[in-house]
Amino acid sequence: MSAKKINLREDLHIHSTFSDGADSIEDNIRMAISRGLTHICCVDHVRQDTNWVPNYVDQIHQFRRKYGDQIKISIGIEAKFINAAGELDLPDSLEGVEYIFAADHQFPYGIDIYTPRQIKELLDEGLVQQEVLFRHLIRATIGAMWKYSEQATVVIAHLFSILPKVGLMEQDIHIELKAALARAAIETGSLIEISERWQCPQLESAHFLWEMGVEMPVSTDSHKKETIGEYQFVRTIATQLPLLSIGID
Ligand SMILES: [Zn+2]
Ligand SMILES: [Zn+2]
């Protein structure tokens, strides 16, 4: 059994001016190098009509040639769920993309997505039970893993970040659902990030997924270069995960 590690010198979720980040890819890379990081993943938001992916991939390849001896640079994009089957809001061609981040920016329920406010109203009016919502969210997450893991490595972005927005708590998700999620991640080679920005998944879920053997990269979801590789929440989680046969860099 190989030793599993949480590596605090990586940051696998960094936005640039290609979407809503404040800084260029090159400025982000320089900051990451200056902070001693060993691996970053460039991640920008896409939608079905996004047309800049080829240009984005080309640019990152150029920066790999320039900075590749100082840092490993991966190529990712982030897209939101559009239904509980786990389909994502993606453009047709993702050539050269290595990581697909699946994001719960809205709530996948049935054949559609809903804003947090809409879901809260359904809950408040007793039109949907929290158990049903948990099942749909987990179904979407597992669905994305199976649907896209042939194209690229799927990363679940800020797992459960939508829950506090609708008044639900990840602690209330049944353990069998979390187990199904863990099994799917392992079977599809998908990753579940621990997010500094969104402070999720929280310790109980992170601990469970980790013990099940899920690979869990750490990330800041930075939208400006100053926060790259800066961990507090993530560091606390990392130090509380079981240390048996693992280490913390
Ligand atoms: Zn996101
Ligand atoms: Zn993001």
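Where does His158 lie? His158 sits in the loop between β8 (153–156) and α5 (162–165), and we will come back to that loop once the surroundings are in place. One thing to keep in mind as you follow along is that this is a predicted model.

Let's begin with the sheet. Six strands form an open sheet, and their order is β2-β3-β4-β5-β8-β9, with parallel pairing. The strands β2 (10–14) and β9 (191–192) stand at the edges, and each has a single partner strand, so one side of each is left without a neighbour in the sheet.

Now step inward. Strand β3, residues 39–45, pairs with strand β4, residues 72–80, in the parallel sense over seven bridges. If you would like a landmark for this pairing, pick Val43, whose bridge partner in β4 is Gly76. On the other pairing of β4, with β5, five bridges are found, again in the parallel sense. Here Gly76 stands opposite Tyr99 in β5.

Gly76 is therefore a handy residue to pause on: it is buried, with 23 other C-beta atoms within 10 Å. Leaving aside its neighbours within four places in sequence, Gly76 is in contact with Cys41, Cys42, Val43, Val97, Glu98, Tyr99 and Phe101. You can also look across from Gly76 to Gln151: the two are 75 residues apart along the chain, and their C-alpha atoms are separated by 12 Å.

Next comes β5 itself, residues 99–103. How many of its residues are buried? Five of its five residues are, so the strand is described as mostly covered, a residue counting as buried if 20 or more other C-beta atoms lie within 10 Å of its own. In a regular strand the side chains alternate between the two faces of the sheet. In β5, Tyr99, Phe101 and Ala103 are on one side and Ile100 and Ala102 on the other, and both faces are covered. Strand β5 is also joined to β8 by four bridges, and these two strands run parallel. The bridge partner of Ala102 in β8 is Ile156.

Following the chain out of β8 brings us back to the loop we started with. His158 has a positive phi of about 30° although it is not a glycine. Phe160 lies in the loop between β8 and α5 too, and Phe160 has a positive phi of about 75°, again without being a glycine. Are these residues buried or exposed? His158 is buried, with 24 other C-beta atoms within 10 Å, and Phe160, with 24 C-beta neighbours inside 10 Å, counts as buried.

Let's turn to the helices. The axes of helix α1 (residues 25–34) and helix α2 (residues 53–67) come within 11 Å and cross at roughly 35°, and the crossing is right-handed. On the α1 side the contact is made by Ile25, Glu26, Ile29 and Ile33, and on the α2 side by Gln59, Ile60, Phe63 and Tyr67. Sorted by class, this contact has six nonpolar residues, one polar and one charged.

Further along the chain, look at the approach to α7. A cis peptide bond joins Cys200 and Pro201, with omega about -10°, and Pro201 is found in the loop between β10 and α7. Helix α7 covers residues 203–212, and its buried residues are Ser205, Ala206, Leu209 and Trp210. Seen down the axis of α7, these buried residues fall within an arc of 125°, so they line one face of the helix. The general reason is easy to picture: an α-helix has 3.6 residues a turn, so residues three or four places apart point the same way. What covers the buried residues of α7 includes α6 (175–188), β9, β10 (194–195) and α8. Just after α7, Gly213 takes a positive phi of about 105°.

Helix α8 (residues 233–240) can be read in a similar way. Its buried residues are Val234, Ile237 and Ala238. Viewed down the axis of α8, they fall within an arc of 100°, so they line one face of the helix. The face turned away from this buried side carries the exposed residues Thr236, Thr239 and Gln240.

Finally, visit Asn7, in the loop between β1 (4–6) and β2. Asn7 is partly exposed, with 16 other C-beta atoms within 10 Å. The C-alpha atoms of Asn7 and Met216 are separated by 9.3 Å, although these residues are 209 residues apart along the chain.

Notes. Residues numbered from 1 in each chain as written. Chains lettered and ligands numbered in written order. Predicted model: local features only at pLDDT ≥ 70, side-chain atom pairs only at ≥ 80, totals over all residues. Pairing = 2+ DSSP bridges. Axes fitted to C-alpha atoms, helices over the stretch in contact; angles between N-to-C directions. Left-handed = near helix turned anticlockwise from the far one by under 90°. Contact = placed C-beta atoms within 7 Å. Nonpolar A, V, L, I, M, F, W, Y, C, P; charged D, E, K, R; others polar. Buried ≥ 20, exposed ≤ 12 C-beta atoms within 10 Å, placed from the backbone. Arc of directions from axis to C-beta.
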